[in-house]
Amino acid sequence: MASVTARSWALCTASLLNLLFVFISGADFIRFLSFRPIYHNITGETTLCQDSIPWSVALKDSSVLWSLVVDLSLLALFTVQHSLLAWSPVKQALQSVLGALNRTAYCFTTALALQLLTSYWQPVTGAPCLWSVRHAPWSIWFPLLCFALHFLCWAIICSILMIFDYSELLGIKQVYYECLGLGDPFSQKPLPAQRLLSHLRHPVFLELAVILWLLPALSLDRLLLAGTLSAYVALAHSLDKQDLAYLCAQLKGKVWFLSEPQRGSVEQNGSNHKEKVG
C-alpha cells in the first residue's frame, strides 16, 4: 500500500511540475511571437531590418546566412520532436515504457523544444524587411491594431484548449485516472471523439496564422518562422464531414445546456406569476 501511495505521489509531482514548465514555456512563446516584435516596432529599441541593404547583398552576407541556418535548425528540431513523438509506433513504444506519463513526457519535450526555439532564435537584422509600417499615423495605430488582434487570437486559442480538455492535453487527467485505477481516459470517450482527437492535432490554425503573419514589420527570420509553422500546421490540420458533424452536435449540445437553466427560470417565473394572478 505504501509503495502504491509513493508511486501516486511521484506521478502527481511529475505531472504538476510539467504543468508549471509548460505554462512558463507557453508564456515565453507568446512573448516571442507577439509581444517582442510588436513592442520593438513601437519603441524602436532594436533594429529589425536594414531596408538600405539590397537583397542581393543581404543574401550573400555570412551573418545573415548563419542566422537562417540556426533558425531553420531550431524549427526542424521542434517539428521533428512534435511529429516523431506523435507517430503511432513511437507513441505505443513510449506508452509501454512511460505508462501514464506518456502525455506528460510529450508536453515536456514540446515545451523544451519551444524554450530552445525562443532562447536561441537569431534575428536577421542585416537584411531588408518584406514589409514595414513606418509612416505616421499608421506607425502607431497599426501596431496597436496588431496587439489587439493578437490578444484576441490568444484568448480564442486558450478557450479552445479549455474546450478540448486541457487537463488531458497536458497529461494531468491520465495521471489522475492512473492513481484512481480508472484506466486510460481516452478509451472512455465516445467513438466520434476518439476519431476526431486521433488525427486533429492543431485546432487553432486560423488564429495561429493571424499571429504569425499580422505584424507591423516582417523580417527575413520572421518570414521563415511564419512560413514553416504555417505549412506544418496546415499539413497536420485535417477535418472531414464526420468530424464536422460531431463538432456541430457538441456545440449545439453545449448551447442547449447553457440556455436550459435560463429557460427553466423563465418558466418558473411565469408559473409563479400565474399563481399570483389566480
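**Close-up views around Phe32 and the cysteines**

**View 1. A charge over a ring.** The charged end of Arg222 is placed over the ring of Phe32, at 4.4 Å from the ring centre. Keep in mind, as you look through these views, that the model is predicted. Phe32 itself counts as buried, with a relative accessibility of 0%.

**View 2. Phe32 meets Trp121.** The whole structure holds 3 aromatic pairs. One of them joins Phe32 and Trp121: their ring centres are 5.8 Å apart and their planes stand at 75 degrees, so this pair is edge-to-face. Phe32 belongs to helix α1 (residues 2-43), while Trp121 is in the loop between α5 (102-120) and β1 (131-132), so the contact ties together parts that lie 89 residues apart in sequence. Is Trp121 buried or exposed? At 6% relative accessibility, Trp121 counts as buried.

**View 3. Cysteines without a disulfide.** How many disulfides does a search of the whole structure find? The search finds 0. Cys179 is a handy place to check this: the nearest cysteine sulfur, that of Cys12, is 3.9 Å away, and Cys179 is in no disulfide. The cut-off helps here, because a disulfide requires two cysteine sulfur atoms within 2.5 Å.

**View 4. Two cysteines and their surroundings.** Here is how accessible Cys179 and Cys153 are. Cys179 has a relative accessible area of 28%, so this residue is partly exposed. Cys153, at 8% relative accessibility, counts as buried. The dividing value to remember is 20%, because buried means a relative accessible area under that figure.

Definitions and conventions:
Residues numbered from 1 in each chain as written. Predicted model: local features only at pLDDT ≥ 70, side-chain atom pairs only at ≥ 80, totals over all residues. Heavy atoms only, no water. Buried < 20%, exposed > 50% of the residue type's maximum accessible area, 1.4 Å probe, protein only. Phe/Tyr/Trp six-rings, centres within 6.5 Å; stacked < 30°, edge-to-face > 60°. Helix = DSSP H or I, 4+ residues; strand = E, 2+ residues; numbered from the N terminus. Lys NZ or Arg CZ within 6 Å of the ring centre and 35° of its normal.
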